[in-house]
Amino acid sequence: MTAPSKNNELDLLVGRMKAAAAPLREVLREVHGRFAGNDEGKVADYIPELARADRNWFGISIATTDGQVFEVGDCQQLFTIQSISKPFVYGLALEDHGLEHVLSKVGVEPTGEAFNAIVLDEGSNRPFNPMVNAGAIATADLVKGKDYPERVTRLLAMFRKYCGREMYIDNSVFMSERMTGHRNRAIGHLMLNFGMVGERVEESLELYFQQCSVLVNCHDLAIMGATLANGGVNPITGERAIQQPYVKYLLSIMHSCGMYDYAGEWAFRVGIPSKSGVGGGIVGAIPGTFGIAVYSPPLDAKGNSVRGIQVFQELSQRFGLHVFESGFNGQQMGDLLAPVRGGA
Ligand code: GLN
């Protein structure tokens, strides 16, 4: 006889959450209301298109692995996915080449450095991990296709499977990213120098700028998280977005490297494999249970959404969602479960 696993406990929690759908919405509304008043942070302005975001936009969405969605706030507002694209494109590269080949080109070691640091592993010349720009550009280089249009099409098809709808690129963000992306070009050419990317590096940089410019909303991100939480199958459409054996690699890299140079502290405090982007989104996944997304454009100094961090921290602590939580404390779920316990 084995002790009940954490997953069983999570199943139990989700069962209760579903039974208590109204209270969960209430919890999200309360959390949303509490953090909406926090006006800290700075909207990204390295290109004019991002600076136009309204700093008050704020959405929270939870999508369960059986396809229920609970959300509050600005969950339909479109924004560019930016760095949140990185783990998903890493998944495409894994499917295209298998683990060993991808590992020979991109490591899996956290850097503790800013996402756009121009640094490669001295021994292997590999970028440290696929979540920093160097690793993401090397990863984009691995996306297969007979020509550039086919590679872009495959990229969009991949995101379509995760989101369950047609995907579009914000062309003005894309144009601005490519016009101002000198640092990313420098990184690409440094890797070309070391033979870590091929001669089509310029094209791969374009692909990287395209992936950053994919338009999503908070609702989409929650479904993407739920798809990872669900072993790679979109829980709404039933379509597989990524082969199941690769899902754990995406989640592992999100856990160790997903939150820029705050990744270690995030793993420690929040303990939910997550990825953020400078557009203001954060997506997280609780395996077997649900995906969570927050959208709020003001960023802290490291590039993470200020309100996003607060919401994840609050929900993780309140419901014991930390991946290494040893058990649930019923008290913590207090108001959420009260109506269920009361027989409602
Ligand atoms: N597109 C930007 C870059 O590559 C920012 C990506 C991000 O969200 N950090 O520099």
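Two residues are in contact here if their C-beta atoms, placed from the backbone, lie within 7 Å. This is a predicted model, in which local features need pLDDT of at least 70, side-chain atom pairs count only at pLDDT 80 or more, and totals for chains, interfaces and linings use all residues. Residue numbers start from 1 along each chain as its sequence is written.

**View 1. Helix H14 lies across four strands.** The helix covers residues 306–319 and crosses S1 (59–64), S5, S6 and S7 (290–295). Against S7, H14 runs at about 145°; axes are lines fitted to C-alpha atoms, for helices over the stretch in contact, with angles from 0 to 180 degrees between N-to-C directions. Helices (H or I, at least four residues) and strands (E, at least two) are DSSP runs, numbered from the N terminus.

**View 2. The open sheet has five strands in the order S2-S1-S7-S6-S5.** Pairing is antiparallel, and two strands count as paired if DSSP finds at least two bridges between them. S2 (69–73) and S5 (274–276) are the edge strands with a single partner each, so one side of each has no neighbour in the sheet. On average, neighbouring strands are turned by 10° against each other, direction ignored. At the S5 end, three bridges hold the antiparallel pair of S5 and S6 (residues 281–286), and Ser276 sits opposite Ile282 of S6.

**View 3. Strand S1 is mostly covered.** All six of its six residues are buried, meaning that 20 or more other C-beta atoms lie within 10 Å of a residue's own (12 or fewer would make it exposed, and anything in between partly exposed; C-beta atoms are placed from the backbone). Gly59, Ser61 and Ala63 point one way, while Ile60, Ile62 and Thr64 point the other. S1 is joined to S2 by five bridges, running antiparallel, with Ala63 partnered by Val69. The two strands make a hairpin with four residues between them, and Gly67 in that turn has a positive phi of about 90°. S1 also runs antiparallel to S7, through six bridges; look for Thr64 opposite Phe290.

**View 4. The ligand lies between two domains.** Domain 1 (6–82 + 214–341) and domain 2 (84–212) both give residues to the shell, so the ligand ends up between them; the bounds come from an automatic or database domain assignment. Around the ligand you'll find Gln82, Ser83, Phe115, Asn116, Asn133, Glu177, Asn184, Cys212, Gly277, Val278 and Gly303. A residue makes this list if its C-beta atom, placed from the backbone, lies within 6 Å of the molecule. Sorted by class, that's three nonpolar, seven polar and one charged. Nonpolar takes in Ala, Val, Leu, Ile, Met, Phe, Trp, Tyr, Cys and Pro, charged takes in Asp, Glu, Lys and Arg, and the others, Gly among them, count as polar.

**View 5. Asn125 has a positive phi although it isn't glycine.** Its phi is near 65°, and Asn125 sits in the loop between H5 (99–105) and H6 (133–142). Asn125 has 14 C-beta neighbours inside 10 Å, so it counts as partly exposed.

**View 6. Tyr260 is another residue other than glycine with a positive phi.** Here phi is near 55°, in the loop between H12 (244–257) and H13 (263–269). Tyr260 counts as buried because it has 26 C-beta neighbours inside 10 Å.
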